[in-house]
Amino acid sequence: MGRKFFVGGNWKCNGTTEEVKKIVSTLNAAELPSEDVVEVVVSPPFVFLPLVKSSLRADFHVAAQNCWVKKGGAYTGEVSAEMLVNLDIPWVILGHSERRALLGESNEFVGDKVAYALGQGLKVIACIGETLEQREAGSTVDVVAAQTKAIAERISDWTNVVLAYEPVWAIGTGKVATPAQAQEVHFELRKWLQTNVNPQVAASTRIIYGGSVNGGNCKELAAQPDVDGFLVGGASLKPEFIDIIKSAEVKKSA
Ligand SMILES: O=C(CO)COP(=O)(O)O
């Protein structure tokens, strides 16, 4: 099917210049599977993007953690897609649950952002996921389908989209989804894409999992047929991120 394993490191709002340099030098020194096997993208806070981009090994790429919903202008505190393109930042994370919950980003707003960023030539890691309440109410699939629909309605080309399923209850909690739970939702998402977009998009779009992924649980998750990689938070700031990248080997031998 040709879905290259994808590992993203979302550093969130963490790091000092010294800490960033240390993480970069650890990553630069690591012996890892080749670019043919795994695509690695790290996402530092905006202010560290130029430093990380200029010092990180060439086989890794960088992502911003957000960008504005339309062309830049009088939007104090925002960073536009055009600016990311100008700095040669290839990727952006959009719709992270922390922004949806803390900053009130709606499905529609996230969909608009995804469409705008793609239109500017950025590649997008689009995040979706249900809360614990929604899962317990049995509405997980409906919730992630609605989040995906708001994106699908606004874009026509999925080539530059990676879909990140991140159940909110698993983020930063140490409570990782079981491989079966992750596989079930990824399978449903792929089925949704097949029915509502088209079979080609369903077969080729990477659906990655995020939420308490670490060096210990990554292999079992990576072995699931519809898990095409990870979006890693806390562990992406630590040397174990390297072990998570290496879990791509599980796919190669599958
Ligand atoms: O939100 C996440 C990645 O975007 C996941 O965070 P943790 O890996 O810290 O749970």
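Me: Which residues are the closest to the ligand here?
Reply: Bear in mind that this is a predicted model. The ligand is surrounded by 14 residues. Of these, the closest are Asn10, Ile171, Gly210, Gly233 and Gly234.

Me: And how many residues of that shell are polar?
Reply: Start with the other classes: the shell around the ligand has five nonpolar residues and one charged residue. Glycine is counted with the polar ones here. The polar count in the shell is eight.

Me: OK, on to the strands. In what order do they close into a barrel?
Reply: There are eight strands in the barrel, and their pairing is parallel. From one strand to the next, the twist averages 25°. Going round, the order is β1-β2-β3-β4-β5-β6-β7-β8.

Me: Over how many bridges do β1 and β8 pair?
Reply: β1 covers residues 5–10 and β8 covers residues 229–232. The two pair in the parallel sense, and the number of bridges is four.

Me: What stands opposite glycine 8?
Reply: Glycine 8 falls within β1, residues 5–10. Its opposite number sits in β8, and that residue is leucine 231.

Me: What angle does the direction of α5 make with that of β4?
Reply: α5 packs on the sheet and touches both β4 (91–94) and β5 (123–128). The α5 direction is over 145 degrees from that of β4, so the two count as roughly antiparallel. The angle is about 175°.

Me: Are α5 and α7 parallel or oblique to each other?
Reply: Their axes come within 8 Å and cross at roughly 40°. The crossing is right-handed. That angle falls between the roughly parallel and roughly perpendicular ranges, which is why α5 and α7 are oblique.

Me: Which residues of α7 make the contact with α5?
Reply: On the α5 side you have Asn107, Glu108, Val110, Gly111 and Val114. Counting both helices, the contact divides into five nonpolar, three polar and one charged. From α7 come Ala146, Gln147, Ala150 and Ile151.

Me: At what angle do the axes of α7 and α8 cross?
Reply: α7 spans residues 140–152 and α8 spans residues 179–196, with axes that come within 10 Å. The crossing is right-handed. The angle makes α7 oblique to α8, and its value is roughly 40°.

Me: Which residues of α8 make that contact with α7?
Reply: α7 brings Thr140, Val141, Val144, Ala145, Thr148, Lys149 and Ala152. Overall the contact has seven nonpolar, three polar and two charged residues. α8 brings Val185, Glu188, Leu189, Trp192 and Asn196.

Terms used: Residues are numbered from 1 along each chain as its sequence is written. This is a predicted model: local features need pLDDT of at least 70, side-chain atom pairs count only at pLDDT 80 or more; totals for chains, interfaces and linings use all residues. Axes are lines fitted to C-alpha atoms, for helices over the stretch in contact, and angles run from 0 to 180 degrees between N-to-C directions. Angles under 35 degrees count as roughly parallel, over 145 as roughly antiparallel, 65 to 115 as roughly perpendicular and the rest as oblique. A crossing is left-handed if the near helix is turned anticlockwise from the far one by less than a right angle, and right-handed if clockwise. Two residues are in contact if their C-beta atoms, placed from the backbone, lie within 7 Å. A residue is near a molecule or strand if its C-beta atom, placed from the backbone, lies within 6 Å of it. Two strands pair if DSSP finds at least two bridges between them.
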